[in-house]
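Visitor: Could you take me through one part of this model up close? I'd like to hear about the annotated binding site and whatever sits around it.

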Amino acid sequence: MTRTIEAPLLDKVALVTGAGRGIGRGVALELARQGADIALVDVNLDGIAAVADEIAEIGSKTTTFVADVSDRNAVFAAVEHAATALGGFDVMVNNAGIALVGPLADVTPQQLARLWSINVDGVLWGTQAAVAKFKELGRRGKIINASSIAGHEGFAMLGPYSATKFAVRALTQAAAKEHAADGITVNAYCPGVVGTDMWVEIDKRFAELTGAAEGETFEKFANTIALGRPETPEDVAGFVAYLAGPGADYMTGQAGLIDGGMVYR
C-alpha cells in the first residue's frame, strides 16, 4: 500500500479515536493514504498497535495512545501526546462510540450513563481538547464527529443510541457556530449499516430480543439500502477524508449522510 499521488493531507496530523477496529481503523488508514500522520487512540492497545503497523507500511508516521474517551483528562492527554509525538495537530476525528440495543422500557440508568459518556461526552471532550490545541498552535483545524443515520431518524430498539447521535449533531452545529471565527470547521458523518464488529453485536442483541436468527436483522436493514449492498468502513473513510481535506474548507456545521441510500434528508 502507498499514499495517493496527490496526498491532499500531506504534512497534516490527525487523531482518530476508536481507531483499533471498524470504521476508526478504516478512517485512520485512509487519512494516512492521503498523506497525514496519524495518532491512534483506543481503549485497546493491541488493536491500535496492529493499525500502526499497517500505517507504517503506507509510509506515514504514527503514534498510539490508550485512552477512554469518557475521561476528559485522558482525551486532553491524547491530543497533547499527538501534537508532541507528531509535531503538530490539524484534524480531530471523534469516532469512538458504542451501541445499546433494547426497548426503551428496559434501559437502566447505568446503561444510559455509559452510553452517553462515550458517545456524547467523548465528542465534547474531544472538541474541547482539539480547539484548545488548534488555538495554541495557531492552526485552522478541523473537527469531525461520528453521528449516524440514527442521528437523523430514531430507530426502534435503538432509542438511547439514536438520542446520543442526535446529540452529536447538536454539538457539531453549536461548535461550528462558536468556532467559525477561529477558522475551525466542525462537521459530522452519518453512516448506515456498516459491516463491522459493532453491527455483529447489534445483530446478536436483536436476535436475543426478537428471536430472529443471527444475521437476519443485519440482512433486513441491508436490504433497504438503495445501492444494494452493506456499507464498508472504506465507504465511510472516503467521506471523512474529504471532510479532513481542503475540498471541505467551506463546509461547517453539517452532518452528512453516507449510507448508500437509507435515510433521506
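**A close look at the binding-site residues**

Guide: Let's start with Thr-196, which is buried at a relative accessible area of 12%, under the 20% cut-off for that label. Keep in mind that this is a predicted model. Thr-196 sits in the loop between S6 and helix H6 (197-210). Leaving aside residues up to four places away in sequence, Thr-196 touches Gly-22, Ile-23 and Pro-233.

Now step back to Pro-191, part of strand S6 (residues 185-191). Pro-191 counts as buried too, with 5% relative accessibility. With the same neighbours in sequence left out, its contacts are Ile-23, Ser-147, Ser-148, Ile-149, Glu-231, Val-236, Ile-258 and Asp-259.

Both residues belong to the "binding site" annotation in the unreviewed UniProt entry, which also covers Asp-42, Asp-68, Val-69, Asn-95, Tyr-161, Lys-165, Gly-192, Val-193, Val-194, Gly-195 and Thr-196. The annotated residues span 155 residues in sequence and their farthest two C-alpha atoms are 24.8 Å apart, so they do not all gather at one spot. Among them, Val-69 is included in the lining of the largest cavity.

Ile-23 turned up in the contacts of Thr-196, and helix H1 covers residues 22-33. So what does H1 pack against? Its partner is helix H2 (residues 45-58), at an angle of about 20 degrees and with the axes 9 Å apart. That makes the two helices roughly parallel, and their crossing is right-handed. On the H1 side, Arg-25, Ala-28, Leu-29, Ala-32 and Arg-33 meet Val-51, Glu-54, Ile-55 and Ile-58 of H2.

Conventions. Residues numbered from 1 in each chain as written. Predicted model: local features only at pLDDT ≥ 70, side-chain atom pairs only at ≥ 80, totals over all residues. Heavy atoms only, no water. UniProt positions renumbered as here; feature names shortened; annotations may be inferred. 1 Å grid on protein atoms, 1.4 Å probe; cavity = no way out; pocket = protein on both sides within 12 Å on 5 of 7 lines; lining within 4 Å. Helix = DSSP H or I, 4+ residues; strand = E, 2+ residues; numbered from the N terminus. Buried < 20%, exposed > 50% of the residue type's maximum accessible area, 1.4 Å probe, protein only. Contact = heavy atoms within 4.5 Å. Axes fitted to C-alpha atoms, helices over the stretch in contact; angles between N-to-C directions. Parallel < 35°, antiparallel > 145°, perpendicular 65-115°, else oblique. Left-handed = near helix turned anticlockwise from the far one by under 90°.
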